[in-house]
Amino acid sequence: MAQTNRSRVNDACNVCVVALVVVMAALLYVFGAAMSGDTLQLTKSIRGAEIFDTRDVP
């Protein structure tokens, strides 16, 4: 059975929404890890990032 134009548009919208969710989840993970300070290697890998280690400051 041939697809109509409307079903193709719906399929394309569904793929776009799934891709957007995946990209947003990846960004949330990266920025969450960078802001938590748990992984200094991730922060160092960001060009121009300055690291302020305040864990030893009273």
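So, secondary structure: the chain has 2 helices and 0 strands, where helices (H or I, at least four residues) and strands (E, at least two) are DSSP runs, numbered from the N terminus. Bear in mind this is a predicted model, where local features need pLDDT of at least 70, side-chain atom pairs count only at pLDDT 80 or more, and totals for chains, interfaces and linings use all residues. Residues are numbered from 1 along each chain as its sequence is written, and side-chain values use heavy atoms, with hydrogens and water left out.

Okay, the record. UniProt, in an unreviewed entry, lists residues 12-35 as "transmembrane region"; positions are in the numbering used here, feature names are shortened, and annotations may be inferred rather than shown by experiment. In the model that stretch, residues 12-35, is 100% helix and 0% strand, with its end C-alpha atoms 34 Å apart.

Now the surface. Of 58 residues, 5% count as buried, meaning under 20% relative accessible area, with exposed over 50% and partly exposed in between (1.4 Å probe, protein chains only). Leu20 sits in helix H1, residues 5-36, and is exposed at 53% relative accessible area. Leu20 also joins Val23, Met24, Leu27 and Phe31 in a nonpolar surface patch, about 510 Å² of accessible area together. Patches take residues with over 30% relative accessible area and no salt bridge, joining like charges within 9 Å and nonpolar side chains (Val, Leu, Ile, Met, Phe, Trp, Tyr) within 5 Å. A salt bridge is a Lys or Arg side-chain nitrogen within 4 Å of an Asp or Glu carboxyl oxygen; areas are Shrake-Rupley with a 1.4 Å probe, and for residues only the protein chains shown count as cover.
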